[in-house]
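Hi everyone, thanks for coming along. Let's take a walk through one chain together, and please keep the picture in view while I talk.

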Amino acid sequence: MSECQCRACLRGQTVDYGFGTMSADMTRMIVCGKCGNKRCPHATDHRNECTNSNEPGQSGSVYGPIDPEADRDTKTRDMFEEAR
Ligand SMILES: [Zn+2]
Ligand SMILES: [Zn+2]
């Protein structure tokens with residue numbers, strides 16, 4: 001297995017904090033391994049093309065304005081804050 005750092009791959013991993021676990025994609029700033037932009041669709045999923053761009057609203061990126069996945073992440077983060 002290669003050490004892919006895209007959000008889709010990290011989501012399949014969990015990190016133990018001692019007071020619970022959360023998916024690894026919530027624990028770090030995820031940026032594209034090619035261009036280093038967090039809004040690059042490739043940072044969200046390695047199957048997406050690297051656009052070499054940090055423009056908001058890119059198709060395939062969780063930072064896109066109409067992606068329900070971004071909503072889910074925000075809710076998960078809120079739950080994590082309340083758990084503390
Ligand atoms: Zn990946
Ligand atoms: Zn990229």
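A word on confidence to begin with: this is a predicted model, and the chain averages a pLDDT of 84, with 74% of the residues scoring at least 70. Where is confidence lowest, and where is it highest? The lowest mean in the chain, 61, belongs to H3, and the highest, 96, belongs to H2. Please keep that in mind when we come to the end of the chain.

Now the layout. The chain has 3 helices and 2 strands, and if you read along the sequence they follow the pattern α-β-β-α-α. The chain has 84 residues, and 18% of them count as buried. What about contacts across the sequence? Taking contacts with a separation of 6 or more, 24% of them join residues 24 or more positions apart.

Let's go inside. Which residues form the largest nonpolar core? There are 5 of them: Cys6, Ile30, Cys32, Cys40 and Ala43. Try finding Cys32 on your screen. Setting aside neighbours within four places in sequence, Cys32 is in contact with Asn37, Cys40, His42, Ala43 and Cys50. Two of those names, Cys40 and Ala43, also belong to the core.

Next to Cys32 in numbering we have Val31, which is in the loop between strand E2 (21-23) and H2. Is Val31 buried or partly exposed? Val31 counts as partly exposed, because it has 18 C-beta neighbours inside 10 Å, and being buried takes 20 or more. Beyond its neighbours within four places in sequence, Val31 is in contact with Gly36, Asn37, Lys38 and Ala43. Val31 and Cys6 are 25 residues apart along the chain, yet their C-alpha atoms are separated by 7.4 Å.

Ala43 comes up again when we look at helix H1 (residues 7-10), where we find Ala8. The C-alpha atoms of Ala8 and Ala43 are separated by 8.5 Å, with their positions 35 residues apart along the chain. With neighbours within four places left aside, the contacts of Ala8 are Thr44, Asp45 and His46. Ala8 is partly exposed, since 17 other C-beta atoms lie within 10 Å.

Two more stops, both in one loop. Gly60 sits between helix H2 (41-44) and helix H3 (68-83). Which residues is Gly60 in contact with, leaving aside those within four places in sequence? They are Pro41, Thr44, Asp45 and Asn48. You may recall Thr44 and Asp45 from the contacts of Ala8. From Gly60 to His42 the C-alpha distance is 8.0 Å, and the two are 18 residues apart in sequence. Gly60 counts as partly exposed because it has 16 C-beta neighbours inside 10 Å.

The last stop is Asn52, also in the loop between H2 and H3. Asn52 has a positive phi of about 55 degrees, although it is not a glycine. Why is Asn52 called exposed? The reason is that 12 other C-beta atoms lie within 10 Å of Asn52, and the cut-off for exposed is 12 or fewer.

That's our tour. If you look once more, start from the core around Cys6, Ile30, Cys32, Cys40 and Ala43, then trace the contacts of Ala8 to Thr44, Asp45 and His46. Thanks for listening!

Methods:
Residues are numbered from 1 along each chain as its sequence is written. Chains are lettered from A and ligands numbered from 1 in the order in which they are written. This is a predicted model: local features need pLDDT of at least 70, side-chain atom pairs count only at pLDDT 80 or more; totals for chains, interfaces and linings use all residues. A nonpolar core is a set of buried Ala, Val, Leu, Ile, Met, Phe, Trp, Tyr and Cys residues joined through C-beta atoms within 7 Å. Two residues are in contact if their C-beta atoms, placed from the backbone, lie within 7 Å. Helices (H or I, at least four residues) and strands (E, at least two) are DSSP runs, numbered from the N terminus. pLDDT is the predictor's confidence in each residue, from 0 to 100.
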